[in-house]
Amino acid sequence: MSPYGLLPFRFVRFDAARTLVVNEAGEHQFLENDDFTRFVQHELPADSDSYLDLKAKHFLFDSESLAPFELLATKYRTKKAFLEGFTSLQIFVVSLRCEHSCVYCQVSRVSADRVRYDMTEETARRALDLAFRSPAPQLKIELQGGEPLLNFERVRQIVVEGRRRAAEEGRPVAFVVTTNLALLDDDMLLFFREHGVFLSTSLDGPEELHDANRPRPGNDSHARTIANIRRAREALGHDRVAALMTATRRSLQSPREIVDEYVRHGFTSIFLRPLSPYGFALRSARSTGYPMREFLDFYVRALDHILELNAAGTFLVETYAQLLLTRMLTPFTTGYVDLQSPAGAGIGAVVYNYDGDVYASDEARMLAEMGDTRFRLGNVHRDSHESIFGGATLRTIVAASVAESIPGCSDCAFLPWCGADPVHHYATRGDLVPHIPTSDFHEKNFFLFKHLLSLYERSPGARRIFASWIRSGDAA
Amino acid sequence: MSTITIDLAVYPLDAVLRACHPFTARWYVHVRSAGEGQVTVDFEPRDENKPPRGIAGEFANALLDARLRTLIAAETREIRELLVAQAFCEADLLDRRDVEADEQADPRRIAG
């Protein structure tokens with residue numbers, strides 16, 4: 001009879017000599033292959049280092065373990081804490097219009113038709129009614145488009161009414177406007193300052209690359225973006241303006257230049273994102289798209305450069321790595337809705353489109369713009385909170401996105417750190433449940449978990465930098 | 001095409017199917033009964049230009065790991081279920097129709 005029992009865990013053959021084990025709460029341990037064999041055969045000596053590590057991290061229990069199940073259950077609950085913040089992210093698409101015509105843009109319309117593509121006052125009010133039915137202890141309201149500044153009247157209404165309702169309830173609320181900044185004026189800046197609004201913008205890299213990716217009349221997107229980032233920082237504060245980039249095929253040639261552009265303009269974070277397979281992006285995939293393998297090569301080169309910069313004293317966080325590392329190396333989860341099990345679509349975030357339609361995620365809305373309204377949960381004018389958030393559509397999304405029950409995910413060592421994205425897989429493969437062996441979502445995340453863990457294990461320098469990124473995320 | 005015969009006394013069908021799954025990225029995988037206590041697995045390359053070199057050894061290792069996973073899952077299943085139940089015990093997972101129904105009610109239509 002074995003002197004110890006196994007607690008639930010999964011494993012992966014990490015390299016030729018070592019096996020990685022990850023338990024239900026996301027704690028991990030590397031074992032030499034021989035030790036792994038002894039461990040699962042209940043033959044690991046109780047005085048070995050591996051035994052003590054595995055016991056401390058809740059991979060095994062023996063007669064001297066103190067409340068192992070209770071502690072592990074608490075850790076598991078902590079990892080699933082995102083479920084408590086039901087629909088804490090509320091996204092309002094206040095206009096579908098935009099004066100940019102970005103090569104990868106999913107849905108924006110260059111149109112003067114305000115009546116057709118702008119959110120009305122009544123739609124915004126009804127969407128706010130639903131938003132404040134959310135049980136989340138704090139809310140983030142994101143205003144986006146198209147270009148939301150083209151319907152600034154609606155931005156103003158939602159922020160003012162949202163602030164008032166939040167104050168009445170005593171519930172914290174944060175506002176973020178996702179904008180290309182090209183139309184930013186002094187009145188808008190004053191309003192944003194008075195109401196503590198954060199700005200999120202797009203910066204794809206150096207001028208030539210940015211302007212090629214993001215055409216607009218006058219071909220001056222980069223110049224306007226940089227000038228208005230500066231103005232916004234002066235008016236709102238440096239940390240109130242964030243930027244992210246989208247990689248086109250052209251971008252893949254310039255990882256160092258893109259990173260350097262962010263440093264040049266004083267950013268302390270960069271979010272390296274592949275193209276989304278939605279809307280116009282899908283239609284233009286032949287000219288702008290690429291296999292995931294090429295994006296990952298780009299990512300590795302960019303991350304290497306970012307680590308070099310950090311080692312030389314320039315603090316710069318890669319946001320996706322920060323998200324993954326937080327999930328891998330801390331007891332906590334993240335609010336990132338695209339990497340949760342069950343998926344965050346419709347339960348972590350919800351989207352109110354300009355016409356009042358409610359979607360489980362921004363990607364679900366983009367699919368609808370292509371004519372597929374499968375993930376429409378309802379409409380703010382016609383449907384109740386109960387039917388929108390308790391209906392068959394959302395239940396189907398949630399049921400299909402429990403990674404613990406997805407073939408290929410259920411056995412994966414990285415499951416406690418990962419998640420599911422049913423809308424992505426439906427858009428790319430026509431099925432909410434992914435075929436993991438050929439999924440680009442799996443390819444990306446599996447590779448990055450291994451890559452980050454390899455860096456963390458073999459490089460004390462990378463380990464220190466990653467720890468500083470996790471700490472900066474705690475502070476944010 | 002590469003064919004491998006498996007003794008189900010060593011590797012249960014559940015482990016065989018789990019081991020096959022990752023191979024479906026590069027192969028069409030056909031699992032067929034091969035008489036009592038045996039199955040054969042045929043690997044047909046998706047890309048005709050990539051011959052099935054090394055598949056037997058790779059699959060044999062995958063089978064071992066799949067079998068190990070089923071053993072670990074079986075040994076820890078009750079604890080895993082207990083953990084999840086305990087982690088979410090504060091959530092209201094009960095079907096209130098049963099809890100709150102009076103003695104005359106038949107919420108699950110047991111009486112037909």
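1. Start with the loop that joins helix H1 (33-40) to helix H2 (49-56) in chain A, since His42(A) sits there. His42(A) is not a glycine, yet its phi is positive, at about 60°. Keep in mind that this is a predicted model, so the angle is a computed one. As for its surroundings, His42(A) has 14 other C-beta atoms within 10 Å; it therefore falls between the limits of 12 or fewer for exposed and 20 or more for buried, and counts as partly exposed.

2. Thr87(A) is another one to look at: its phi is near 45°, again a positive value in a residue other than glycine. You'll find Thr87(A) in the loop that runs between helix H3 (68-79) and strand E6 (89-93) of chain A. Buried or partly exposed? Thr87(A) has 19 C-beta neighbours inside 10 Å, and because buried takes 20 or more, Thr87(A) counts as partly exposed.

3. On to the peptide bonds. The one from Gly145(A) to Gly146(A) is cis, with omega near 20°. Gly146(A) belongs to the loop of chain A between strand E7 (139-144) and helix H6 (152-169). No proline is named in this pair: both partners are glycines.

4. A cis bond also links Ser341(A) to Pro342(A), this time with omega near 0°. Where does Pro342(A) lie? Its place is the loop of chain A that follows helix H14 (319-329) and leads to strand E14 (349-352).

5. Now the domain split of chain A, which gives domain 1 (5-74), domain 2 (87-295 + 314-359) and domain 3 (375-440). Note that domain 2 is written as two segments, 87-295 and 314-359. Between the C-alpha centres of domain 1 and domain 2 of chain A the distance is 42 Å.

6. How many residues of chain B are in contact with chain A? There are 17 of them, set against 16 residues of chain A. Helix H2 of chain B (residues 55-87) supplies the largest share of the chain B side, 12 residues. Sorted by class, that side of chain B holds nine nonpolar residues, along with four polar and four charged ones.

7. Last, the confidence scores. For the model, ipTM is 0.85 and pTM is 0.92. Chain B has an average pLDDT of 86, with 79% of its residues scoring at least 70. A general caution applies here: predicted coordinates should not be read in detail where pLDDT is low.

Technical notes. Residues are numbered from 1 along each chain as its sequence is written. Chains are lettered from A and ligands numbered from 1 in the order in which they are written. This is a predicted model: local features need pLDDT of at least 70, side-chain atom pairs count only at pLDDT 80 or more; totals for chains, interfaces and linings use all residues. Helices (H or I, at least four residues) and strands (E, at least two) are DSSP runs, numbered from the N terminus. Domain bounds come from an automatic or database domain assignment. Two residues are in contact if their C-beta atoms, placed from the backbone, lie within 7 Å. Ala, Val, Leu, Ile, Met, Phe, Trp, Tyr, Cys and Pro count as nonpolar, Asp, Glu, Lys and Arg as charged, and the others, Gly among them, as polar. pLDDT is the predictor's confidence in each residue, from 0 to 100.
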